[in-house]
Amino acid sequence: MSVEQVFCNSKGNIMAPSELTRAFKRVLKAANLPDIRFHDLRHSHATMLLKENVPSKVVSERLGHSKIQVTLDTYSHVTDSIEGIAVDSLNGLLE
């Protein structure tokens with residue numbers, strides 16, 4: 001699914017990617033937020049889900065990755081950082 005298929009402007013017309021980018025930049029500026037790319041929201045979404053222990057398969061499906069390995073390779077830094085949580089959980093179960 002592309003951006004054009006998801007977002008409509010105030011008149012109900014399909015937004016061009018450049019129109020979406022301009023609108024997003026205006027919202028960031030008005031909210032006094034850092035300047036980021038719209039695509040960065042996708043990475044934030046995936047990272048937050050993984051940190052909340054949502055199964056990688058579910059995250060992969062939400063992102064539309066054809067294979068879970070794409071998700072695991074892309075977000076390995078997140079899964080590595082939560083490895084300790086898995087170890088602690090297992091230790092808790094075995095105690």
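User: In helix 3, about how many helical turns separate K57 and E61?

Analyst: In this predicted model, K57 and E61 form a salt bridge in which the closest N and O atoms are 3.7 Å apart. Both residues belong to helix 3, which spans residues 56-63, and because they stand four residues apart there, the separation between them is about one helical turn.

User: Is E61 buried or exposed?

Analyst: Its salt-bridge partner K57 has a relative accessible area of 47% and is partly exposed. For E61 the relative accessibility is 52%, and since the exposed class begins over 50%, E61 counts as exposed.

User: How many salt bridges does the count come to?

Analyst: One salt bridge joins the side chains of D35 and K25, at 2.6 Å from N to O, and another joins those of D40 and R37, at 2.5 Å from N to O. With the pair K57 and E61 also forming a salt bridge, the count comes to three.

User: Where in the chain does D35 lie, given that its side chain meets K25 in a salt bridge?

Analyst: The side chains of D35 and K25 meet at 2.6 Å, N to O. This pair links distant parts of the chain, 10 residues apart, with K25 placed in helix 1 (17-30) and D35 in the loop between helix 1 and helix 2 (40-51).

User: Which class of exposure does K25 fall in?

Analyst: On the other side of this salt bridge, D35 is exposed, with a relative accessible area of 62%. The relative accessible area of K25 is 28%, and because values under 20% are called buried and those over 50% exposed, K25 is partly exposed.

User: Is T71 buried or exposed?

Analyst: T71 has its place in helix 4, which covers residues 68-74. Its relative accessible area is 2%, and because the buried class takes in values under 20%, T71 is buried.

User: Which residues is T71 in contact with, leaving aside its neighbours within four places in sequence?

Analyst: T71 is a residue of helix 4, and its relative accessible area of 2% makes it buried. Once the neighbours within four places in sequence are left aside, the residues in contact with T71 are S56, V59, S60, L63 and H65.

User: What distance separates the C-alpha atoms of N91 and G12?

Analyst: N91 lies in helix 6, made up of residues 83-94, and is partly exposed at a relative accessible area of 39%. Along the chain N91 and G12 are 79 residues apart, and their C-alpha atoms are separated by 54 Å.

Notes. Residues numbered from 1 in each chain as written. Predicted model: local features only at pLDDT ≥ 70, side-chain atom pairs only at ≥ 80, totals over all residues. Heavy atoms only, no water. Helix = DSSP H or I, 4+ residues; strand = E, 2+ residues; numbered from the N terminus. Buried < 20%, exposed > 50% of the residue type's maximum accessible area, 1.4 Å probe, protein only. Salt bridge = Lys/Arg side-chain N within 4 Å of Asp/Glu carboxyl O. Contact = heavy atoms within 4.5 Å.
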